[in-house]
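Please work through the exercises below with the sequence and the model at hand. Each task is followed by a solution in steps.

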Amino acid sequence: MSSSSPASPASSSPSGSGPIADAVPVSLCARAPQVPADRLVAEMVPPPRFDSVRFDTYLPDPNQPSQTEAVRVLEGFAAGLGAAPAGGAARRGFLGLGRAKAPKVPAGPRGVYLDGGYGVGKTHLLASLWHATPAEPALKAFGTFVELTNLVGALGFQQTVRTLSGHRLLCIDEFELDDPGDTVLVSTLLGRLVEAGVALAATSNTLPGKLGEGRFASVDFLREIQGLSAHFRSLRIDGEDYRHRGLPEAPAPYSDEQVTKAAYATKGASLDDFPHLLDHLAKVHPSRYGALTDGLTAVCLTDVRPVPDQSTALRLVVLADRLYDREVPVLASGRPFDELFSEEMLNGGYRKKYFRAISRLTALARDARRLTEPTT
């Protein structure tokens, strides 16, 4: 994986004191990772941020009884997955070749759907469900909606069905349909997996029957969405964004000099001009954004400014998700993160994605404050 160096030489640092990293910061704009299909499957586990979460580490808001109820329901759901898969299918090999055809399962919901605003702990609960389900990791899959559609793109539809149909559980985080084609694709895929006996769990900011609202109004696709919602029992989780609950306001942006100095002083940090990074993201498929951040200890950005269009904004949302999953702090100069998206974007069909991105980048900005603190 290649990297490029900012203009300053490694032997000298930006003005100010502080330790200097052994090498100059890497540039995300110089990375063009290639991700093989087997890595896409092997990485369908909860992200590092959620390695250690469990139901008993989730702290329900005492003023939001729906949070306590969600834990209770999900604990029971996990316990019910201890028996053999409904289809009785055994996993045979990496891609499931040679697996016997599974019989039909009884009609009715085969999963749970966690609906709620950003920052109420839905991903925490979904990852806790994955950890609590009594099955070996190879029989459980966890990924975002984008990662699931990317898996289909890498393996093909039929091979994805064969690969996942022996699983006990499929968890899908941030289930949002941004494209009519993805509506049909995922609806069909989940239908096939339900027939094979796979249990489903998903999170989203929108109820299943409302997916796609404000984005596309085709009657045909609305029919697909309604059919998809029948696979899930919906659990509403109310509450305010825990990332801001009782915490101080996000720090104001730093100067270019402060960001550059911190990048040179932090081993494993990246340093990029924000507009250039946005241009680069258009050249990298979103399925590779996780690999784009491999090995980073911090992301340092100069000249943060509002994103120019919706396509760019949606790519930035995916990058923010991958950075948040990996707990990579983000130190930035320019405009604050709550000014990234225009009022039109924040009032449009993707508004919940944008608010989630702001929330997560703000949390990572708080984490990055330590990068500017003098070391002793």
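The exercises treat a sheet, a buried helix and two helix packings in turn.

The model is predicted, so local features are taken only at pLDDT of at least 70 and side-chain atom pairs only at pLDDT 80 or more, while totals for chains, interfaces and linings use all residues. Residues are numbered from 1 along each chain as its sequence is written, and side-chain values use heavy atoms, with hydrogens and water left out.

**Exercise 1. Determine the strand order of the open sheet of 5 strands and identify its edge strands.**

Step 1. Helices (H or I, at least four residues) and strands (E, at least two) are DSSP runs, numbered from the N terminus; two strands pair if DSSP finds at least two bridges between them.

Step 2. The order is S2-S3-S4-S1-S5, and the pairing is parallel.

Step 3. Strand S2 (140-144) and strand S5 (232-236) are the edges, each pairing on one side only. Disregarding direction, neighbouring strands are turned by 15 degrees against each other on average.

Step 4. Between S2 and strand S3 (residues 169-173) there are 5 bridges in the parallel sense. Ala 141 lies opposite Leu 170 in S3.

**Exercise 2. State which strands helix H4 touches, and decide whether Phe 145 is buried or exposed.**

Step 1. Helix H4 (residues 145-155) packs on the sheet and touches S2 and S3, where contact means heavy atoms within 4.5 Å. The direction of H4 makes about 110 degrees with that of S2; axes are lines fitted to C-alpha atoms, for helices over the stretch in contact, and angles run from 0 to 180 degrees between N-to-C directions.

Step 2. Phe 145 belongs to H4. With a relative accessible area of 4%, Phe 145 is buried (under 20% relative accessible area; exposed is over 50% and partly exposed in between, with a 1.4 Å probe and protein chains only).

Step 3. Phe 145 and Thr 203, 58 residues apart in sequence, are 9.5 Å apart in space, C-alpha to C-alpha.

**Exercise 3. Explain why helix H9 counts as largely enclosed, and list what its buried residues pack against.**

Step 1. In H9, 6 of the 8 residues are buried, so the helix is largely enclosed by the rest of the structure. These are Phe 274, Pro 275, Leu 277, Leu 278, His 280 and Leu 281.

Step 2. They pack against S6, helix H10 (289-292), S7 and H11.

Step 3. Strand S6 (residues 269-273) is likewise largely enclosed, because 4 of its 5 residues are buried. S6 runs parallel to strand S7 (residues 298-304), joined by 5 bridges; Asp 272 has Leu 301 in S7 as its bridge partner.

**Exercise 4. Classify the packing of H11 with H9 and with H13.**

Step 1. Helix H9 (residues 274-281) and H11 pack at about 95 degrees, with axes 10 Å apart. They are therefore roughly perpendicular, given that angles under 35 degrees count as roughly parallel, over 145 as roughly antiparallel, 65 to 115 as roughly perpendicular and the rest as oblique.

Step 2. Phe 274, Leu 277, Leu 278 and Leu 281 in H9 meet Thr 312, Arg 315, Leu 316 and Leu 319 in H11.

Step 3. The axes of helix H11 (residues 310-325) and helix H13 (residues 351-368) come within 9 Å and cross at roughly 45 degrees. H11 and H13 are therefore oblique to each other.
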